[in-house]
Each structure stands twice: as C-alpha cells, then as structure tokens.
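Colleague: Got a minute to walk me through this one? I'd like to talk about how it packs.

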Amino acid sequence: MSSPRRPLNYALLKYFTTVESADVDAVMAALGDEYGELAAFRRDRLIESLMTAEKNGLIQEAGARLDANGDVCVSYRADEGQRKTINFYIN
C-alpha cells in the first residue's frame, strides 16, 4: 500500500529543497504528473502559493525575467536555513 501523497503546498515547498531555483513553470512541470488533476493546480494559484511562501520566509526571490508573452516570471530558491525549516516540518 502506498503512502498518501503530501498536500500540494507541502510538495511545492519540498520541491525547493531539491533544486537550486525554480519558477512556476518548473514547479508545474515537476509536480504535474502527481498533482495536475487538482483544481488548485493552476498557474495563477501556484504563483499565489509561491508568493505566500516567500512572504512567510520559506523561500526567497532568486530573480525575474520577462517570458515570451512579456509577463514577469519570478524564480525562487530556498537557502540552507529555509531548507532545514521545510525539512523539519515536512517529511
């Protein structure tokens, strides 16, 4: 029997303990197979989750660029202390 999957926001935070940095598109690509069917798995909602995690000090902005549509695309990262915090609270 497989263990239950983490809530989407937990998986999003854990993802940042495994990568140097990522933007919302990278998060969607990484988590889409497991979470893509959820109503909350939409680009706008994931951007909101990333911004909330950043405001709560769990990740930090790593840079920004304009995408092909001219929209700002923000990358985030978790430093060592943030990774430790995430890993302490989320198995």
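Modeller: Sure, let's begin with helices H1 and H2: their crossing is right-handed. Handedness here means right-handed if the near helix is turned clockwise from the far one by less than a right angle, and left-handed if anticlockwise. Helices are DSSP runs of H or I with at least four residues, strands are E runs with at least two, and both are numbered from the N terminus.

Colleague: Before we go on, what kind of model is this, and what are the ground rules?

Modeller: This is a predicted model, where local features need pLDDT of at least 70 and side-chain atom pairs count only at pLDDT 80 or more, while totals for chains, interfaces and linings use all residues. Residues are numbered from 1 along each chain as its sequence is written, and side-chain values use heavy atoms, with hydrogens and water left out.

Colleague: Fine. At what angle do the axes of H1 and H2 cross?

Modeller: Roughly 135 degrees, and the axes come within 11 Å. Axes are lines fitted to C-alpha atoms, for helices over the stretch in contact, and angles run from 0 to 180 degrees between N-to-C directions. That makes H1 oblique to H2; under 35 degrees would count as roughly parallel, over 145 as roughly antiparallel, 65 to 115 as roughly perpendicular, and the rest is oblique.

Colleague: Which residues meet there?

Modeller: From H1, Leu8, Ala11, Leu12 and Tyr15; they meet Ala26, Val27, Ala30, Leu31 and Tyr35 of H2. Contact means heavy atoms within 4.5 Å.

Colleague: And how do H2 and H3 pack?

Modeller: At an angle of about 110 degrees, with the axes 10 Å apart, so H2 is roughly perpendicular to H3. H2 passes H3 in a right-handed crossing. Val24, Asp25 and Met28 of H2 make the contact with Arg43, Leu46, Ile47 and Leu50 of H3.

Colleague: Ser49 caught my eye. Is Ser49 buried or exposed?

Modeller: Buried, at 18% relative accessibility. The cut-offs are under 20% relative accessible area for buried and over 50% for exposed, with partly exposed in between, using a 1.4 Å probe and protein chains only. Ser49 sits in helix H3, and leaving out residues up to four places away in sequence, Ser49 touches Asn9 and Leu12.

Colleague: Switching topic: how many salt bridges?

Modeller: Four, taking a salt bridge as a side-chain nitrogen of Lys or Arg within 4 Å of a carboxyl oxygen of Asp or Glu. One of them is Glu37 with Arg5, whose closest N and O atoms are 2.7 Å apart. That pair links distant parts of the chain, 32 residues apart: Glu37 is in the loop between H2 and H3, and Arg5 in the segment before H1. Glu37 is exposed at 54%, whereas Arg5 is partly exposed at 38%.

Colleague: What does Asp23 pair with?

Modeller: Arg65, in a salt bridge with N to O at 3.0 Å. Asp23 lies in strand S1 and Arg65 in strand S2, so the pair ties together parts 42 residues apart in sequence. Asp23 is buried at 11%, while Arg65 is partly exposed at 40%.

Colleague: In what order do the strands sit in the sheet?

Modeller: S1-S3-S2, three strands in an open sheet with antiparallel pairing; two strands pair if DSSP finds at least two bridges between them. S1 (22-23) and S2 (60-66) are the edge strands, each pairing on one side only. Six bridges join S2 to S3, residues 72-77.

Colleague: Which residue is the bridge partner of Glu61?

Modeller: Tyr76, in S3.
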